[in-house]
Amino acid sequence: MIHHEGPPPFDCFEALAARGVPHAVFTRLGGHSQGPFASLNVGHTVGDDPACVEANHAAIYAALGLGADRVVSGRQVHGCRVVRARAEDGGRVVGVADALFTTEKGLALLQRYADCVPILLAGPGVVGIAHAGWRGTLARVAAKAALAMAEAAHCRTDQIIACIGPSIGPCCFEIGPEVVSAVRQAFPQMDHLLRAGADGKAHFDLWEANAAQLRAVGVGEIEPAAICTRCRRDLYFSHRGDGGRTGRFAALIVAGG
Ligand SMILES: [Zn+2]
């Protein structure tokens, strides 16, 4: 990824930067929040001081030169609902949406993460963003977003590129037997998505499970950040790594830059 000093600091994907798509993946650094939310927490529902969360949002928008009235987000529930954001959605939360996309020039899409997988998508005249933990990954929210984007923008899925952001890696994402069966059911013949960890427990490769479902619907180019949030708790909020009490970092993508 390409590092920008900010403030606050953020990183960009090579593939999106090469196509001139404005976007950013922030870290937990450079914000106003304290304690477990230190410091650039953008989650309103995690127990942080609302004034700090607002100040963090303002800092992020300023770093990207965005007006708050151009930013759209959704309520993330580990589902697979894909919502198309329209011009009038600027400055709003559009309701339940684990994936957002838009063809509206100048509109920015924001989602919040702490171990779940950020997936940033861009095609001709269309951008999207998805949030996929294990439930969203099994429900194929990223693939559904890519298909909805291709339909709305009248392009082919092989014209869409996908970038997979910092999230809990196969090194750390231990799952129990019930999730192992759910993975096997959702991804038959893909046992390589599961591996045995050093602890003998099963680990699930969320990065490859999302990449595989995107390739299956024709997405041409996929860039993985390959950064584990649990291994890099110094840089990112990690739900697992921080025992559940933590903040959320932001990823954003802007249409038609
Ligand atoms: Zn890890």
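Leu120 stands opposite Cys163, a residue of strand 11. The model is predicted. Strand 9, residues 117–123, pairs with strand 11 in the antiparallel sense, over 4 bridges. Both strands belong to an open sheet of 6 strands. A zinc ion is held by four cysteines: Cys171, Cys172, Cys228 and Cys231.

**The sheet**
- The strand order is 5-7-10-9-11-15, and the pairing is mixed.
- Strand 5 (82–84) and strand 15 stand at the edges. Each has a single partner strand, so one side of each is left without a neighbour in the sheet.
- On average, neighbouring strands of this sheet are turned by 15° against each other, direction ignored.

**Helix 6 and the loop after it**
- Helix 6 covers residues 206–216. The helix lies across strand 9, strand 10 (126–132), strand 11 and strand 15.
- Helix 6 runs at about 25° to strand 9.
- Val217 sits in the loop between helix 6 and strand 15.
- Beyond its neighbours within four places in sequence, Val217 is in contact with Ala143, Ala146, Leu147 and Thr157.
- Val217 and Leu147 are 70 residues apart along the chain, yet their C-alpha atoms are separated by 7.3 Å.

**The zinc site**
- The donor atoms are the SG atoms of Cys171, Cys172, Cys228 and Cys231, lying 2.3 Å from the zinc ion.
- The site is tetrahedral, with angles of 104 to 117° among the 4 donor atoms.
- In sequence, the donor residues follow the spacing C-C-x55-C-x2-C.
- Cys172 and Cys228 link distant parts of the chain, 56 residues apart. Cys172 is in the loop between strand 11 (161–164) and strand 12 (174–175). Cys228 is in the loop between strand 15 (221–224) and strand 16 (249–254).
- Cys172 and Cys228 are both buried.

**Other cysteines**
- The structure holds 0 disulfides.
- The closest cysteine sulfur to that of Cys80 is in Cys116, 14 Å away. That is too far for a bond, because a disulfide needs the two sulfur atoms within 2.5 Å.
- Cys80 counts as partly exposed, at 29% relative accessibility.
- Cys52 has a relative accessible area of 15%. Cys52 is therefore buried, since the cut-off is under 20%.

Conventions. Residues are numbered from 1 along each chain as its sequence is written. This is a predicted model: local features need pLDDT of at least 70, side-chain atom pairs count only at pLDDT 80 or more; totals for chains, interfaces and linings use all residues. Side-chain values use heavy atoms; hydrogens and water are left out. Donors are N, O and S atoms within 2.8 Å of the metal (3.2 Å for Na, K and Ca); water is not among the atoms, so sites may look incomplete. Four donors count as tetrahedral if all angles lie between 85 and 135 degrees; four count as square planar and six as octahedral if opposite donors are over 155 degrees apart and all others between 65 and 115; anything else is irregular. Helices (H or I, at least four residues) and strands (E, at least two) are DSSP runs, numbered from the N terminus. Buried means under 20% relative accessible area, exposed over 50%, partly exposed in between (1.4 Å probe, protein chains only). Two strands pair if DSSP finds at least two bridges between them. Axes are lines fitted to C-alpha atoms, for helices over the stretch in contact, and angles run from 0 to 180 degrees between N-to-C directions. Contact means heavy atoms within 4.5 Å.
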